[in-house]
Amino acid sequence: MSAALSCDTVWTDARLVSMADPARPDAIVERAVIAARDGRIVHAGPAEAAPAFDAARTIDCAGRLVTPGLIDCHTHLVYGGSRAGEFEARLAGASYEAIARAGGGIVSTMRATRAASEADLVAASAPRLADMFANGVTTVEIKSGYGLELAAERTMLRAARALGEALGVSVATTFLGAHALPPEFAGRADAYIDEVVDTMLPALAAEGLVDAVDAFCEGIGFSPAQVERVFAAARALGLPVKLHAEQLSNLHGAALAARYGALSADHLEHLDHAGVAAMAASGTVATLLPGAYYFTRETELPPVAALRAAGVPIALATDCNPGTSPLTSLLLAMNMGATLFRLTVAECLAAVTVHAARALGRDDIGAVAPGKWADLAIWDVAQPAELVYRIGGRPLHARIWRGH
């Protein structure tokens, strides 16, 4: 007779959507049992195939739906100030570009962020992160990019790491120094890129604050040539890259990102077929951000059908930021992905689990399977479609991070 499997926690009578089968991502395993030891999953499957367990505690899920903990793979969660006034200006007809060129937009948030301490940023950001928790999020990516100078970028990244340690969530930190041109470099974009690649990025990487490097490739951001300099510097430091690409126009940023093996290219409303093909060839994830599409009243849809046909993995994220997507609900982002972009329920679920994990370069999260972190969301719903169907509401019963 085999010995019982030692574990810390066993969850029984779960209706498990493991996301472990790419062919059937929303398949439900009835009466499933999940077991974890030291924060990692050691068993997940139907009760009739489960071994005996020697468990410190057993939790009855009472037939509730269980999914992997959700992953928000593109956020600007840490920032100072508010841009509600710019929202009001846009309601009166001002464009995002016009607001940015008049000194608003990212530069407005830059001023408030530079004036904030690390403690200030943590205190301001914690409620936003708590909202994400209530939507089942167990991993979140947080970008810098509102400091636009070494000291303030460092403070942002430290605040992001501090949030993860204090609140119990996995945080991936992304350096987005090439987000906007700060006023002190007006008219000298190439000189600012010098500062990004020669000073900021090496210093922050040496301090262990950078998991990936991002840039904003756009007419009001940085040119492909300038972005390529950032990517080359990241490659020299062994850091993966991602890119804000094709949001407002087509500068072929996604193809550039694909050439550098980018983890993801994000937004993509103006992506062309050549960009789709390049992403498919490189395995780059398409991270779609329906909150920004909705909030800025964009009319050009990302080419979902072309991405789907080419086999490009699609992720969804909140893009939580003060100017174009003040959204903290990943469940609402899923609903928007379905209603605005015509993603299926299965695609939406994969987009915030397995594909979102891939967009962060992580293979230890995103599915409920042995060896992965025991990050789970337990829901008071009967079917996966309810997670996508609802507009508002918080059907989360329990959020489990690393077994706790």
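**Reading rings, sheets and cysteines**

Q: Which ring has Arg40 over its face?
A: Arg40 lies over the face of Trp373, 3.9 Å from the ring centre. The general idea is that a charge sits over a ring if NZ of Lys or CZ of Arg is within 6 Å of the ring centre and within 35 degrees of the ring normal. Arg399 gives another case, lying over the face of Phe133 at 3.8 Å from the ring centre. Before we go on, please keep in mind that this is a predicted model, where local features need pLDDT of at least 70 and side-chain atom pairs count only at pLDDT 80 or more, while totals for chains, interfaces and linings use all residues. Residues are numbered from 1 along each chain as its sequence is written, and side-chain values use heavy atoms, with hydrogens and water left out.

Q: How many aromatic pairs does a search of the whole structure find?
A: Rings of Phe, Tyr and Trp (its six-membered ring) pair if their centres lie within 6.5 Å; planes under 30 degrees apart are called stacked, over 60 edge-to-face, and the rest tilted. Searching the whole structure turns up six such pairs. One of them is Phe87 with Phe295, a stacked pair with 5.0 Å from centre to centre and 20° between the planes.

Q: Where in the chain do Phe87 and Phe295 lie?
A: Helices and strands are DSSP runs numbered from the N terminus (H or I of at least four residues for helices, E of at least two for strands). Phe87 belongs to helix H1 (residues 84-91) and Phe295 to helix H10 (residues 290-295), so to speak two distant parts of the chain, 208 residues apart.

Q: Is Tyr192 buried or exposed?
A: Buried means under 20% relative accessible area, exposed means over 50%, and partly exposed lies in between (1.4 Å probe, protein chains only). Tyr192 is buried at 0%, and Phe222 is buried at 1%, whereas Phe87 is partly exposed at 35%. The ring centres of Tyr192 and Phe222 are 6.1 Å apart with planes at 20°, so this pair is stacked. Tyr192 sits in helix H6 (residues 189-206) and Phe222 in the loop between strand S9 (212-215) and helix H7 (224-236), so the pair ties together parts 30 residues apart in sequence. Phe185 joins Tyr192 and Phe222 in one aromatic cluster.

Q: What is the strand order in the open sheet that holds S10?
A: Two strands pair if DSSP finds at least two bridges between them. The order of this four-stranded open sheet is S10-S11-S12-S13, and the pairing is parallel. Strand S10 (242-245) and strand S13 (314-316) are at the edges with a single partner strand each, so one side of each has no neighbour in the sheet. Three bridges pair strand S12 (residues 285-288) with S13, and Ile314 in S13 is the bridge partner of Ala286.

Q: Which are the edge strands of the sheet with S6 and S9?
A: That open sheet has four strands in the order S6-S7-S8-S9, with parallel pairing. Strand S6 (70-72) and S9 are its edge strands, each pairing on one side only. For angles, axes are lines fitted to C-alpha atoms, for helices over the stretch in contact, and the values run from 0 to 180 degrees between N-to-C directions. Ignoring direction, neighbouring strands here are turned by 25° against each other on average. Three bridges join S6 to strand S7 (residues 137-143), with Asp72 opposite Val140 in S7.

Q: Which helix lies across S6 and S7?
A: Contact means heavy atoms within 4.5 Å. Helix H12 (residues 330-339) lies across S6 and S7, at about 85° to S6. H6 lies across strand S8 (170-178) and S9, at about 150° to S8.

Q: How many disulfides does the structure hold?
A: A disulfide is a pair of cysteine sulfur atoms within 2.5 Å. The structure holds zero. For Cys61, the closest cysteine sulfur is in Cys7, 13 Å away and too far for a bond. Cys61 is buried at 2% relative accessible area.

Q: What is the phi of Leu148?
A: Most residues other than glycine have a negative phi. Leu148 has a positive phi of about 60°; this residue is in the loop between S7 and helix H5 (150-167) and is buried at 1%. Arg297 also has a positive phi, near 60°, but is exposed at 59%.
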